[in-house]
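Work through these exercises with the model open. Each one sets a task and then solves it in steps.

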Amino acid sequence: MPATLIQPSTVPGKLLYFTPPKDGSRPITRINEDANYDSRFNWVQAEHTVPIENIRGKEDSYTLNSAGFQYYQHKSKHTAFSNDEDIEREYYPESVELIKQLTGASKVVLFDHTIRRRRPGELDTDPSKRQPVSNVHVDQTSQSAKSRVLRHLPASEAPQLLKKRFQIINLWRPISHPAYDWPLTLCDFRSMNREKDLVPIALIYPDREGETYGVKYSPEQKWKYLKGMTPEEIVLIKCYDSIEDGSVSVLTPHTAFEDPSTPEGSPLRESIELRALVFYD
């Protein structure tokens, strides 16, 4: 086989990590504000080049309970992904059933979705212009995960549901073509130190406040991706698990990255992620 056709199993990826505000203040990110883009953050990003392994062919070694993410083959009935109402009417129900089937959950509540279409030079200033996220992050903290349940479930149900195991899981899928351009990379939970690597960041919305984790660089972190994910492939990404005793993964740092082995002329990345509250009896 000519050398040009051999795909590297590991590529160097330039990832943007969290570093604390220089003045020691509480880290914040302001969401959906039209102010100067850089002024939305009071913390600093630091670039590190890390090895990112393509695990195609050995995906079965990485599971939700062990690594914090898991890849599956699944062809969705809904394929247009052009209209939010159609997505909620058609893609949501089949995704609820899929997550139940794959996890064994008894109840799944989808609370939002994001479509990302990479458009170079376009700022991520409102929900219709979401770009691939280019900094390492975790979507939820323990506190914000519990707040999500209280926010999205009836007051008559939430307290009982919080007494049992629950998770927040993202279902991520490429749209319309394989995601060679700016793919998603995930950090194996087993390679990270929650106490040292994670820092809560307040998300300041116009009408409320949330919380996410910034991720500090560590050479111990092991990064993985599935090169050329197709629209018939999905990855479940664990953002939170209420079992925090060390027996299972709790969360998954992740980010988009520029893959230096992307084939020339690959179409710009388009993807959809659903966010789900996942409950167990």
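**Exercise 1. Find the strands that pair with E12, and say whether E12 is buried or exposed.**

Step 1. Start with strand E7 (residues 166–174), which pairs with E12 in the antiparallel sense over six bridges. Strands here are DSSP runs (E, at least two residues), as helices are (H or I, at least four), numbered from the N terminus. Two strands pair if DSSP finds at least two bridges between them.

Step 2. Pick out one bridge. Asparagine 170 has isoleucine 237 in E12 as its bridge partner.

Step 3. Turn to strand E4 (residues 69–73). Five bridges join E4 to E12, and the two run antiparallel. Here glutamine 73 has glutamate 233 of E12 as its bridge partner.

Step 4. Check the cover. Strand E12 spans residues 233–241, and nine of its nine residues are buried, so E12 is largely enclosed by the rest of the structure. Buried means under 20% relative accessible area, exposed over 50%, and partly exposed in between (1.4 Å probe, protein chains only).

A note on the model. It is predicted: local features need pLDDT of at least 70, side-chain atom pairs count only at pLDDT 80 or more, and totals for chains, interfaces and linings use all residues. Residues are numbered from 1 along each chain as its sequence is written, and side-chain values use heavy atoms, with hydrogens and water left out.

**Exercise 2. Describe the surroundings of strand E10.**

Step 1. Take the cover. E10 covers residues 209–215, and five of its seven residues are buried.

Step 2. Take strand E9 (residues 198–204). Seven bridges join E9 to E10, antiparallel. The two form a hairpin with four residues between them. Isoleucine 201 stands opposite threonine 212 in E10.

Step 3. Take strand E6 (residues 137–138). Two bridges join E6 to E10, again antiparallel. Valine 138 stands opposite tyrosine 213 in E10.

**Exercise 3. Place proline 200 and list its contacts.**

Step 1. Proline 200 lies in strand E9.

Step 2. Its relative accessibility is 38%, so proline 200 counts as partly exposed.

Step 3. Leave aside neighbours within four places in sequence. Proline 200 then contacts Pro27, Glu211, Thr212 and Tyr213. Contact means heavy atoms within 4.5 Å.

Step 4. Compare C-alpha positions. Proline 200 and glycine 214 are 14 residues apart along the chain, and their C-alpha atoms are separated by 6.2 Å.

**Exercise 4. Which residues lie nearest the centre of the second largest pocket, and which element gives the largest share of its lining?**

Step 1. The lining has 13 residues, and Lys14, Leu15, Glu47, Trp182 and Glu258 lie nearest the centre.

Step 2. Strand E1 (10–19) and strand E3 (44–54) are the elements that give two or more residues to this lining. E1 supplies the largest share, five residues.

Step 3. The space in this pocket is about 200 Å³.

**Exercise 5. Summarise the whole protein.**

Step 1. Count the elements: four helices and 14 strands.

Step 2. Of the 281 residues, 53% count as buried.

Step 3. Consider contacts between residues at least 6 apart in sequence. Of these, 79% join residues at least 24 apart.

Step 4. The protein exposes about 13,600 Å², and carbon and sulfur atoms supply 49% of that area. Areas come from the Shrake-Rupley method with a 1.4 Å probe; for residues, only the protein chains shown count as cover.

Conventions:
On a 1 Å grid over the protein atoms alone, a cavity is a set of points where a 1.4 Å probe fits but cannot get out, and a pocket is an open set with protein on both sides within 12 Å along at least five of seven lines; lining residues have an atom within 4 Å of a point. Grid points are joined across faces, edges and corners, and a volume is the space filled by probe spheres set on the points.
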